[in-house]
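Dear colleague,

I am passing a structure on to you below, and after it I set out what was found when its helices and side-chain contacts were examined. Please read the notes with the structure open beside them.

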Amino acid sequence: MGLLSTILTLPVAPVRGVIWLGELIQDQVEQQLHDPAAMRRELEEIDAAAAAGQLSEEERKQAQQAVLDRMTNRQT
């Protein structure tokens, strides 16, 4: 029965491969998005941009809040 099911499901193997690859990419993106070191770098870049005058105080607060929201959503 195993050989028969393998033969019958062979045409959908590429689809399963694409699904697996998509899930792998999604896992990597989520891992990088919620990496504490990456979040810290992002907060430092926001502060540097604000110090250089590239961001207003309101934009800085909004950007920092977006990073902090990502951080807290990951831990809940």
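**Arg-60 and its partners**

Arg-60 counts as buried, because its relative accessibility is 18%, and buried here means under 20%. Please keep in mind throughout that this is a predicted model. Arg-60 forms a salt bridge with Glu-57, and the closest N and O atoms of the pair are 2.3 Å apart. Glu-57 and Arg-60 both lie in helix 4 and are three residues apart, which means that about one helical turn separates them. Glu-57, for its part, is partly exposed, with a relative accessible area of 44%. Arg-60 can also be placed relative to Ala-48, since the two residues are 12 apart in sequence while their C-alpha atoms are 9.9 Å apart in space. Ala-48 belongs to helix 3 and, at 48% relative accessibility, counts as partly exposed.

**Helix 3 and its two sides**

Does the length of helix 3 fit its residue count, or depart from it? What one can compare is the expected span with the distance between the end C-alpha atoms. Helix 3 covers residues 36–51, and its 16 residues should span 22 Å at 1.5 Å a residue; the end C-alpha atoms are 23 Å apart, so the two values agree.

Three residues of this helix, Met-39, Ile-46 and Ala-49, are buried. They cover an arc of only 85° around the axis, and therefore sit on the same side of helix 3. The face turned away from that buried side carries the exposed residues Pro-36, Arg-40 and Ala-51. After helix 3 comes Gly-53, whose phi is positive, near 85°.

**The other salt bridges**

The count of salt bridges comes to three, and the pair of Glu-57 and Arg-60 described above is one of them. Another joins the side chains of Arg-40 and Glu-44, with an N to O distance of 3.2 Å. These two residues are four apart in helix 3, so about one helical turn lies between them. Arg-40 is exposed, with a relative accessible area of 58%, whereas Glu-44 is partly exposed, with a relative accessible area of 44%.

A further salt bridge is made by the side chains of Arg-70 and Glu-42, at 3.0 Å from N to O. This pair links distant parts of the chain, since Arg-70 is in helix 4 (residues 57–75) and Glu-42 is in helix 3, 28 residues apart. Glu-42 is partly exposed, with a relative accessible area of 29%.

**Gln-64 and helix 3**

Which residues does Gln-64 touch, if those up to four places away in sequence are not counted? Gln-64, which is found in helix 4, touches Leu-43, Ile-46 and Asp-47. With Asp-47 there is also a polar contact of 2.7 Å between the two side chains. Gln-64 is buried, with a relative accessible area of 18%, and Ile-46, one of the residues it touches, is likewise among the buried residues of helix 3.

If you look through the model yourself, the pair of Arg-70 and Glu-42 and the contacts of Gln-64 could be viewed together with helix 3.

With best wishes

Key:
Residues numbered from 1 in each chain as written. Predicted model: local features only at pLDDT ≥ 70, side-chain atom pairs only at ≥ 80, totals over all residues. Heavy atoms only, no water. Expected span 1.5 Å × (residues − 1). Buried < 20%, exposed > 50% of the residue type's maximum accessible area, 1.4 Å probe, protein only. Arc of directions from axis to C-beta. Salt bridge = Lys/Arg side-chain N within 4 Å of Asp/Glu carboxyl O. Polar contact = N/O pair within 3.5 Å; in protein donor to acceptor, adjacent residues only side chain to side chain. Contact = heavy atoms within 4.5 Å.
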